[in-house]
Amino acid sequence: MNEARPVSPQTRASAMLRHAEICETEFPLHDLPAEGGFALAAITGVTGASYRPLGAMMLIEAGGRHRGSLSSGCLEQDVILRARQAMSNRQPMLLRYGEGSPFLDITLPCGGALEITIIPHPPRGLLAAAAERLAARQGARIVIAEDHRLVAQAARGLALWILPQIRFLVLGKGPEAACFASLARQAGYPVELHAPDRQTLDEAGFGEMTPGWPEGVRIDPRTAIAMFFHDHDREAELLGPALAGPAFYIGAQGSLRAHQARCKALAALGVPAQQIARLASPFGLIPSARDPRTLAVSVLAHVLDRARQQSGAA
């Protein structure tokens, strides 16, 4: 098997600072090893198709345990082997898999090529600071410099803007609210469910009984708000605070006629037209979904599509 070589600053041609946005789920920051060495392996170049985005990372411990992934399983074991070598000699590595790679026994079914940079013993303080920002639902910036160190600032290399994962605030009553909240939670997203009745919470298996807008709830630009009420008369008083905040998606269950009535009610309450225009219509990607499961899948897909369009990091 061909051997990977440590990287020197001359290994690659100089390039200006590149930028990439990724979700925190692609960068395993929240479970750093308390003891022992570890390395990060990052996708720093993509040619053609790729299962993972530019900037996605694996964390590899000295003993071989790892978190995260760089492909569909085609190259992770080899990356772990190289990362342990890099930790041993304390030198970064630059690897190429796929087209143009010296590793002829490792193929990428999707075609193209991946450039993987292995960073042994990265600075814990920098990673801990990024994890703290993400835990506070704020973005974090880390740069893989041209010399393959992990730094806060650099003139050349790959700058990663790491976004908090999408969070759902669900308000509603009935099987639609329970089904959607459960689906989003099972998909791995943080979900808060607020319902005015115990039956909805029991059906979902979690949540808080809340008669109106939940006090003290924090909304950020990576929050999606979904409302599921059959009694549309109470929606305007809940949508007002939602539309005044920075949530990237706000939608409510109902037909086009219900949506139009909702917009009139909001205008009557003095909600500015530019805020009312933020209300999603249609609510979901599947037209006229009439059962809770179809509606839940439809709305979840709509939210993720909106996130992809806005940032590329869903």
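Which residues does leucine 59 touch, not counting residues up to four places away in sequence? Let me hold that for a moment and say what we are looking at. This is a predicted model, in which local features need pLDDT of at least 70 and side-chain atom pairs count only at pLDDT 80 or more, while totals for chains, interfaces and linings use all residues. Residues are numbered from 1 along each chain as its sequence is written, and side-chain values use heavy atoms, with hydrogens and water left out.

Now to the question. Leucine 59 touches Pro28, Leu32, Pro33, Phe38, Ala39, Leu40, Arg65, His66 and Arg67, where a contact means heavy atoms within 4.5 Å. Leucine 59 lies in strand 3, and here helices (H or I, at least four residues) and strands (E, at least two) are DSSP runs numbered from the N terminus. The residue is buried, with a relative accessible area of 0%; buried means under 20% relative accessible area, exposed over 50%, and partly exposed in between, using a 1.4 Å probe and protein chains only. Isoleucine 119 is 60 residues away from leucine 59 in sequence, and their C-alpha atoms are 9.7 Å apart in space.

Let me step back to the protein as a whole. The protein has eight helices and 14 strands, and its C-alpha atoms fill a box of roughly 70 × 35 × 35 Å, taken along the principal axes. Of its 314 residues, 48% count as buried. Among contacts between residues at least 6 apart in sequence, 62% join residues at least 24 apart.

I turn next to the sheet that holds strand 3. This is an open sheet of five strands in the order 4-3-2-6-5, with antiparallel pairing, and two strands are said to pair if DSSP finds at least two bridges between them. Its edge strands are strand 4 (66-68) and strand 5 (93-98), each of which pairs on one side only. From one strand to the next, the twist averages 20°; the axes are lines fitted to C-alpha atoms, for helices over the stretch in contact, and angles run from 0 to 180 degrees between N-to-C directions. Strand 5 is joined by six bridges to strand 6 (residues 113-120), and the two run antiparallel, with leucine 95 standing opposite isoleucine 116 in strand 6. Helix 1 (residues 76-89) packs on this sheet, touching strand 2 (38-47), strand 3 (57-61), strand 4, strand 5 and strand 6, and its direction makes about 55° with that of strand 3.

There is also an open sheet of four strands, in the order 1-9-7-8, with mixed pairing. Here the edge strands are strand 1 (18-23) and strand 8 (150-151), each pairing on one side only. Helix 2 (residues 124-135) packs on the sheet and touches strand 7, strand 8 and strand 9 (157-163), its direction making about 150° with that of strand 7. Strand 7 (residues 140-145) pairs with strand 8 in the antiparallel sense over two bridges, and valine 143 has valine 151 as its bridge partner in strand 8.

Is alanine 145, which is found in strand 7, buried or exposed? Alanine 145 is buried, with a relative accessible area of 7%. Not counting residues up to four places away in sequence, alanine 145 touches Val151, Ala154, Arg156 and Gly157.

Strand 10 (residues 167-172) is mostly covered, since six of its six residues are buried. Side chains in a regular strand alternate between the two faces of the sheet. In strand 10, Arg167, Leu169 and Leu171 point one way, whereas Phe168, Val170 and Gly172 point the other way, and all are buried. Strand 10 runs parallel to strand 13 (residues 223-228), to which six bridges join it, and arginine 167 stands opposite threonine 223 in strand 13. With strand 11 (residues 191-195), strand 10 pairs in the parallel sense over four bridges, and leucine 171 stands opposite histidine 194 there.

Finally, why is helix 5 (residues 235-244) described as largely enclosed by the rest of the structure? Because seven of its 10 residues are buried. These are Glu235, Ala236, Leu238, Leu239, Gly240, Ala242 and Leu243, and the buried residues of helix 5 pack against strand 13, strand 14 (249-252), helix 6 (256-268) and helix 7 (273-276).
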